[in-house]
Amino acid sequence: AIDEKELLNLSKKPRLKALVQLLKGQAIDCISDKVVPSDTPGLLEGKRHAPWPADKQKKTVIFTMHPESTRVVGAALAASGIKNLVLRGTRAMKDSILNEFQNGPVHVLLITASHDCSGIHMPYVATAIEYHHVISEAVRAQMRGRYHRQGRDYSSECSTLLDEAEAARV
């Protein structure tokens, strides 16, 4: 079981704290600010530079690498007052979750990249957050290929949350 009191003590979890700050539009004060190049070999990138309209809700997808991380992140976001959906299950279940995410009021979707990333099309995502630094170019291309696709109407952006040790290796 996940201890909600412990999750709310974000000072001990800088990556979770940074994620909550990012989603709430706050300044991030607890994690590396190193810029990671966003180019991904083999990914066909469109040149759509249209800003999101002010009246259109921005959708955010958060990629984790492990199911346990997805569970912890989802619980921490919920405990911080951020509603979220988790993509998982059969193809029909995933389609239903994606439809709810695209058309409903929840604007944050969690995806375990190692399990649930292939075969989905999300050109309506404004922001992607890679919760873990992904070393594998193939996995990174798979993640970014979900939202950075043909059919986009507006720009998208991607952030990778790096702790100080990861930032030193990148």
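**Notebook: sheet, cores and helices**

I started at one pair in the sheet: Val 61 stands opposite Leu 109 in β3. The model I am reading is a predicted one. I then looked at the strands around this pair. β1 and β3 run parallel, and five bridges join them. From β2, the chain passes through α4 to reach β3, and this β-α-β crossover is right-handed.

**Entry: the other side of β3**

I looked up what β2 does next to β3. The two pair in the parallel sense, over three bridges. I noted two facing positions. Leu 85 stands opposite Leu 109 in β3. Leu 87 stands opposite Ile 111, also in β3.

**Entry: the whole sheet**

In what order do the strands of the open sheet lie? I read β2-β3-β1-β4-β5, five strands with parallel pairing. β2 and β5 (157-160) are at the edges with a single partner strand each, so one side of each has no neighbour in the sheet. I also took down the twist, which averages 20° from one strand to the next.

**Entry: cover on β3**

Is β3 mostly covered or mostly open? I found it mostly covered, with five of its five residues buried. I then sorted these residues by face. Val 108, Leu 110 and Thr 112 lie on one side, and Leu 109 and Ile 111 on the other. All of them are buried, and both faces are covered.

I checked a helix next. α3 (residues 67-79) lies across β1, β2 and β3. Its direction is at about 165° to β3.

**Entry: the nonpolar cores**

Which residues touch the most other members of the largest nonpolar core? I listed Val 61, Phe 63, Leu 87, Leu 98, Leu 109, Ile 111 and Met 122, out of 19 residues in that core. I then asked which elements supply it. β1 (60-64), β2 (85-87), α4 (91-103) and β3 (108-112) each give two or more residues. The largest share comes from α4, with three residues.

A second, separate core has 16 residues. Val 20, Ala 76, Ile 82 and Val 108 are among them.

I followed Ile 111 further, leaving aside its neighbours within four places in sequence. Ile 111 is in contact with Val 61, Ile 62, Phe 63 and Thr 64. Its list also includes Thr 70, Leu 87, Asp 116, Cys 117, Ile 120 and Met 122. Of these, Leu 87 is the residue I had noted opposite Ile 111.

**Entry: helix α2**

Why do I call α2 (residues 14-23) largely enclosed by the rest of the structure? Seven of its 10 residues are buried, so the label fits. I wrote them out: Arg 15, Leu 16, Ala 18, Leu 19, Val 20, Gln 21 and Leu 23. Val 20 also appears in the second core. After α2 comes Gly 25, and I noted its positive phi, near 75°.

**Entry: the protein overall**

I finished with the totals. The secondary structure comes to seven helices and five strands. From the N terminus on, I read the elements as α-α-β-α-β-α-β-α-β-α-β-α. Of the 170 residues, 44% count as buried. I looked up the accessible surface: it comes to about 9400 Å², and 52% of it belongs to carbon and sulfur atoms. Last, I checked sequence separation. Among contacts with a separation of 6 or more, 74% are between residues 24 or more positions apart.

Notes. Residues numbered from 1 in each chain as written. Predicted model: local features only at pLDDT ≥ 70, side-chain atom pairs only at ≥ 80, totals over all residues. Heavy atoms only, no water. Buried < 20%, exposed > 50% of the residue type's maximum accessible area, 1.4 Å probe, protein only. Helix = DSSP H or I, 4+ residues; strand = E, 2+ residues; numbered from the N terminus. Core = buried A, V, L, I, M, F, W, Y, C linked by side-chain atoms within 4.5 Å. Contact = heavy atoms within 4.5 Å. Pairing = 2+ DSSP bridges. Axes fitted to C-alpha atoms, helices over the stretch in contact; angles between N-to-C directions. Areas by Shrake-Rupley, 256 points an atom, 1.4 Å probe, with all protein chains shown as cover. Right-handed = clockwise from strand over helix to strand, strands pointing away.
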